[in-house]
Amino acid sequence: MKHIILLLLSALSATLCSCTDGMARTAGDGKPFVIPELKSWEAGKGGFTFPDNFNIAVPSGDTELMRIAEMLAEDWETISGYAPAVIADKGSKGDITLELKADHQLEATGDEGYTINISDRVRISAPTAKGAYWATQTLLQMADAGKCTSLPEGRIKDWPDYALRGFMMDCGRKYIPMSYLRKLSRIMAYYKMNTLQIHLNDNGFKQYFGNSWDRTYAAFRLECDTYPGLTARDGYYTKEEFTGFQEEAAEHFVEIIPEIDVPAHSLALTRYRPDIGSEEYGMDHLDLFNPETYEFVDGLFREYLEGDKPVFVGPKVHIGTDEYSNKDPEVVEKFRNFTDHYIRFVESYGKQAVVWGALTHADGSTPVKSENVIMNAWYNGYADPEKMAADGYRLISIPDGLVYIVPAAGYYHDYLNEKYLYEEWTPAHVGETVFSERDSAILGGMFAVWNDHAGNGISVKDIHYRLFPAMQTLSVKMWTGQGTALPYSAFDSTRKYVREAPGINFAGRIGTVPACVLEMEEVAPGSAMPYPEIGYGYTVSFTVEGCTETPGTELFRSEDAVFYLSDPVSGMMGFARDGYLNTFRYRILDGDSLHVTVQGDGNSTTLIVNGRVIDRLETEKRWYNEGKSTMYYVPTLVFPLDRAGNFRSRITDLKVYNYIL
């Protein structure tokens, strides 16, 4: 078997998005292009070249700086192949040094500012370890552009406009594997995003499930001992792995905010305990007039908050309080009392409470604690931002009409309007309400993925394709605010060269120019392949000399998907990912001689045999609720290439293109 990998790159760099000339990747006036954009750049007179052997030096030997230096060394090896030594020493010419320094020029930048001086060496200075870490992410992006050999000389001074820069993932309606959440938190850190909210429970809409609460999808994603059987069986996080996830993210200065959403969006809880559900407002509402509701929810939160090493590790806990009915004044007062109770409940365990904005929708006389409480300001009709700020809440700007992604739902955004956000939005814009930039009432901003339509075929890859470019754009707006100098067109064309994070390529990108990226004369059964997968906008072609295959015979598989020569149900060609099996209307027969082509993008997957389109699985509209409700089903595939299956047919002339022919 002969491999010819047409991109002349190493195994580590083949999937990367590095420029051919690092010095050319600039944001105007010679400023290095990094995401988010640098606040200040003073160009030097030339360039800096890394010697063949250099160190990462920590003159003070500070334990936390040494840890950050070790992470930098590991990432450097990942992107370049060279592992610099980490030394507790002042360093010398050609080295990278990290130091904590009370720089008077950074006094106004808070605890996340930093400077980088590039001359005959690279000096990182910051008032805190957090600032030093963000500096290493800037340095990695700059170095990657220069193939880890060169940097422009100059001085960087950088700091964020907003303290909280985040994203929220709905894991309740769709299980998001822990393996991806770990990658996601590392990607966020690479773009200096520091907060990830995990929405741990939710339910679908009953009109898609025969208008029956008993049939409507619902899930609680965290292992629970207090209420055995509450935890979802189709995907959940053990307490041990969720704790480890929070700790690992914190090592990269990303805070995980766990959210248990009550008293609405709570069908998973009422399915376990039907007696605490509200017959009047719907079984996705807890019954606020039932004392046992409070006993149950107290027990649920307590499991994750109590003890010397609580499952909820970080300083903040989100208690939900979103979209409860307000049609009855009495229930409004009960809702306000419920909200106040759980704010104080989590505070009793030393945590800061976070809530969804709902107190304009639930306007009443029952007091709700506001001091030291954070509120997601998502829709001004539910919570008037000016009123909430006046009441004392610190706001996270997360306006639904601008930054909500609901994949393939037909409402909100399938993909965010990034050009508008880049040019017009900052966290000071909360819906129609505009605060002054860096107003003390605005803690920061977030965007969100809501997986409203449970069962719509959307994969984690599809979610990633929507959120990653949005994260690139919004990291700029949450860090740099209105200070962006680079036009959107230049930003958009250049960002494709910036990787997701060192060692992470979840989108499966191979190269940045259209090309045939892999060619093999023959694929041996069971063989390992040069790439794990190829992402959307691909063409994969091969020749088949057919033999009768057992149902379930794979052509290729990856960690996330399988492509079948004979699927396990019908024996036809098809693919599976995220628990969905999609089948082409074509079966390989004994003695066939076929040329097969598979093409895939973010909306469809197409099978072509001997030059003729056999089947195109496209995003399709499906009808529910006697034709009153629609849902779009998405049959997409990031094509797996990691390992060949144990097939009997002969597969030859494999070609993989990173574009659609």
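Which helix gives the largest share of the lining of the second largest pocket? Helix α11 (residues 460–479) does, with 5 residues. The model is predicted.

**The pocket**

The second largest pocket holds about 550 Å³ of space. It is lined by 20 residues. Closest to its centre are Tyr-465, Lys-496, Ala-507, Arg-509 and Tyr-536.

**Helix α7**

Helix α7 covers residues 329–347. At 1.5 Å a residue, its 19 residues should span 27 Å, and the end C-alpha atoms are 27 Å apart, so the two values agree. At the start of α7, Asp-328 places a side-chain oxygen within 2.8 Å of the backbone nitrogen of Glu-330.

Aromatic residues are among the buried ones in α7: Phe-335, Phe-338, Tyr-342 and Phe-345. The buried set also includes Arg-336 and Asp-340, along with Val-331, Val-332, Thr-339, Ile-343 and Val-346. These buried residues pack against the elements below.

| Element packed against α7 | Residues |
|---|---|
| β13 | 255–262 |
| β15 | 282–286 |
| α6 | 291–305 |
| β16 | 316–320 |
| β17 | 352–356 |

**The sheet**

An open sheet is built from 5 strands in the order β30-β29-β28-β27-β37, with antiparallel pairing. Its edges are β30 (580–583) and β37 (643–644); each has a single partner strand, so one side of each lacks a neighbour in the sheet. Strand β27 (residues 553–557) runs antiparallel to β37, and 2 bridges join them. Arg-557 has Arg-643 of β37 as its bridge partner.

Key:
Residues numbered from 1 in each chain as written. Predicted model: local features only at pLDDT ≥ 70, side-chain atom pairs only at ≥ 80, totals over all residues. Heavy atoms only, no water. Pairing = 2+ DSSP bridges. Helix = DSSP H or I, 4+ residues; strand = E, 2+ residues; numbered from the N terminus. Expected span 1.5 Å × (residues − 1). Buried < 20%, exposed > 50% of the residue type's maximum accessible area, 1.4 Å probe, protein only. Contact = heavy atoms within 4.5 Å. Polar contact = N/O pair within 3.5 Å; in protein donor to acceptor, adjacent residues only side chain to side chain. 1 Å grid on protein atoms, 1.4 Å probe; cavity = no way out; pocket = protein on both sides within 12 Å on 5 of 7 lines; lining within 4 Å. Points joined across faces, edges and corners; volume = space filled by probe spheres on them.
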